[in-house]
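User: Could you walk me through this structure? I keep asking how anyone knows these things, so please give me the rules along with the values.

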There are 2 protein chains.
Amino acid sequence: MIEQIPRVVVLRLPLYIRALSVLALEGKEVVNSRELGERLQIAPAQIRKDLSYFGKFGTQGRGYNVKQLMGELRHILGLDRQWSMALIGVGRLGRAILSYEGFAPQGFRIVAAFDTDQRQIGKKIGDLVVQDIKEIASTVRERGIDIGVVAVPPSEAQKAIDALVDCGIKAILNYAPVGARVPGDVQLREIDPVLALQTMTFYLKASKG
Amino acid sequence: MIEQIPRVVVLRLPLYIRALSVLALEGKEVVNSRELGERLQIAPAQIRKDLSYFGKFGTQGRGYNVKQLMGELRHILGLDRQWSMALIGVGRLGRAILSYEGFAPQGFRIVAAFDTDQRQIGKKIGDLVVQDIKEIASTVRERGIDIGVVAVPPSEAQKAIDALVDCGIKAILNYAPVGARVPGDVQLREIDPVLALQTMTFYLKASKG
DNA sequence: TCCTGTGAAATACTTCACAGCT
DNA sequence: AGCTGTGAAGTATTTCACAGGA
């Protein structure tokens with residue numbers, strides 16, 4: 001029930017959740033695939049097909065109950081629990097990540113922060129104390145950390161990622177602009193605004209000079 | 001020569017450039033598709049096929065000249081020039097984006113910053129003065145802005161994006177965690193770490209409890 | 001001999017179209 | 001009458017496999 005789900009489908013589920021939460025805020029109780037598709041710019045059949053991988057959530061002739069479908073999807077993605085994260089790198093970028101308000105409301109908490117810089121270690125940032133990267137294995141165990149967040153300079157990124165993998169971490173969010181390598185059973189996602197920009201310029205070139 | 005290139009191919013070109021720049025730093029002069037593929041975890045045939053959409057860049061029996069291929073790809077993506085960007089929203093996130101050191105070396109410069117908050121307008125951040133969003137149209141024209149960067153609260157994002165579109169901007173990097181709508185000729189990329197996390201938990205759920 | 005460039009085959013993903021439930 | 005769920009058809013993308021140049 002896990003590997004036969006197309007990757008692209010899993011990538012779209014969070015989009016559905018996000019749209020449904022907007023609909024819920026607007027007070028809408030029921031939505032059909034056409035309307036949901038219009039908001040997301042996704043074909044209605046695509047949405048129905050995607051959902052069909054996981055079960056039957058709609059009512060024929062009516063559509064989907066907004067709150068119920070949102071709950072189902074959150075459960076499917078494992079979002080009906082808290083996830084604990086460890087941050088590696090408390091430089092400028094790392095500090096921005098620590099102060100980002102978007103994680104907590106979605107159930108993601110940063111519960112530990114690491115660095116290699118002796119001047120940073122021991123410092124308090126918010127309610128976290130920056131720890132030596134050497135303590136990572138024990139801390140991951142003690143605090144039940146599920147996800148690693150990497151915000152170190154590019155040259156240090158693979159090392160940081162290897163350290164996380166060695167602790168048994170199976171999901172890493174990498175803010176460093178490098179293509180890191182991980183074993184096949186480890187999930188890795190990159191947050192790299194420059195990559196995003198570089199794919200847009202290709203299309204800009206055509207319209208502009 | 002633009003619309004018949006598969007989207008996924010365009011998404012991979014920046015990855016090739018990034019890997020090639022590492023190889024160049026390492027002093028490697030020539031690389032073949034197998035080795036490049038190993039670094040990127042992409043099949044060699046995929047790389048050769050991708051490149052074949054744009055021309056013939058390799059030498060049979062040898063491979064690709066690293067610097068030359070990098071130059072070709074940079075040209076294809078339009079990265080052999082500077083791109084000017086306008087930031088909307090100078091809150092915590094916006095300020096982090098302004099101080100991000102990763103844009104300039106890749107030819108992306110933020111040359112204007114806007115906000116709606118009267119308390120922010122007129123303030124200096126680095127060498128930029130925060131401007132009223134009302135001035136956006138004239139500033140985009142005067143400073144030749146190509147790309148908009150949105151870092152406003154979710155509730156304001158669609159408004160900010162509409163303002164950019166109205167100025168004729170054709171590429172927008174959206175940091176606000178909302179699915180915004182743009183006309184078909186406008187490129188939009190989202191930077192949303194929560195979406196990335198939410199697609200990883202699906203796979204985590206299987207291994208962990 | 002080694003490795004590119006590329007048609008052809010295989011696979012993955014999307015869209016169609018309609019039976020069937022409400 | 002309206003809309004879901006889904007096989008089947010249609011596209012898109014990836015991989016194979018090999019001719020041919022260095």
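Analyst: Here is a short round of questions and answers about how the two protein chains meet and how they touch the DNA. This is a predicted model, where local features need pLDDT of at least 70, side-chain atom pairs count only at pLDDT 80 or more, and totals for chains, interfaces and linings use all residues. Residues are numbered from 1 along each chain as its sequence is written, chains are lettered from A and ligands numbered from 1 in the order in which they are written, and side-chain values use heavy atoms, with hydrogens and water left out.

User: How do you know which residues of chain A are in contact with chain B?

Analyst: Contact means heavy atoms within 4.5 Å. By that rule, 63 residues of chain A are in contact with 63 residues of chain B. Those on the side of chain A divide into 36 nonpolar, 12 polar and 15 charged. Here Ala, Val, Leu, Ile, Met, Phe, Trp, Tyr, Cys and Pro count as nonpolar, Asp, Glu, Lys and Arg as charged, and the others, Gly among them, as polar.

User: What makes an area between chain A and chain B "buried"?

Analyst: Buried area is the accessible area (1.4 Å probe) that two parts lose on being put together, summed over both. For chain A and chain B that comes to about 5,900 Å², with 68% on carbon and sulfur atoms. In chain A, the residues that lose the most area to chain B are Arg18(A), Phe202(A) and Tyr203(A), together 13% of what that side buries.

User: Why is the meeting of Arg18(B) and Asp192(A) called a salt bridge?

Analyst: The term asks for a side-chain nitrogen of Lys or Arg within 4 Å of a carboxyl oxygen of Asp or Glu. The side chains of Arg18(B) and Asp192(A) are 3.0 Å apart, N to O, so the pair fits the rule. Between chain A and chain B the count is six salt bridges.

User: How do you know how the two copies are related?

Analyst: Copies are superposed by least squares on the C-alpha atoms of residues with pLDDT of at least 70 in both. Chain A lands on chain B with an RMSD of 0.1 Å after a turn of 180 degrees and a shift of 0.0 Å along the axis. The two copies are thus related as by a two-fold rotation axis. Also, 100% of the interface residues of chain A are interface residues in chain B, so the copies meet through the same surface.

User: What makes a residue count as near DNA strand D?

Analyst: One of its heavy atoms has to lie within 4 Å of the strand. There are 25 residues around DNA strand D, and Arg48(A), Gly58(A), Tyr64(A), Arg12(B) and Gln60(B) come nearest. H3(B) gives the most to this surface, with four residues. Helices (H or I, at least four residues) and strands (E, at least two) are DSSP runs, numbered from the N terminus.

User: Why do Tyr64(A) and DNA strand D make a polar contact?

Analyst: A polar contact is a pair of N or O atoms within 3.5 Å; within protein, one must be able to donate a hydrogen and the other to accept it, and residues adjacent in sequence count only if both atoms are side-chain atoms. A polar side-chain atom of Tyr64(A) lies 2.8 Å from a phosphate oxygen of DNA strand D, so the pair falls inside the cut-off. Gln60(A) has a polar side-chain atom 3.1 Å from a base oxygen of that strand.

User: Which residues are closest to DNA strand C?

Analyst: Of the 24 residues that surround DNA strand C, the closest are Arg12(A), Gln60(A), Arg48(B), Gly58(B) and Gly61(B). Sugar and phosphate make up 64% of the atoms of DNA strand C within 4 Å of the protein.
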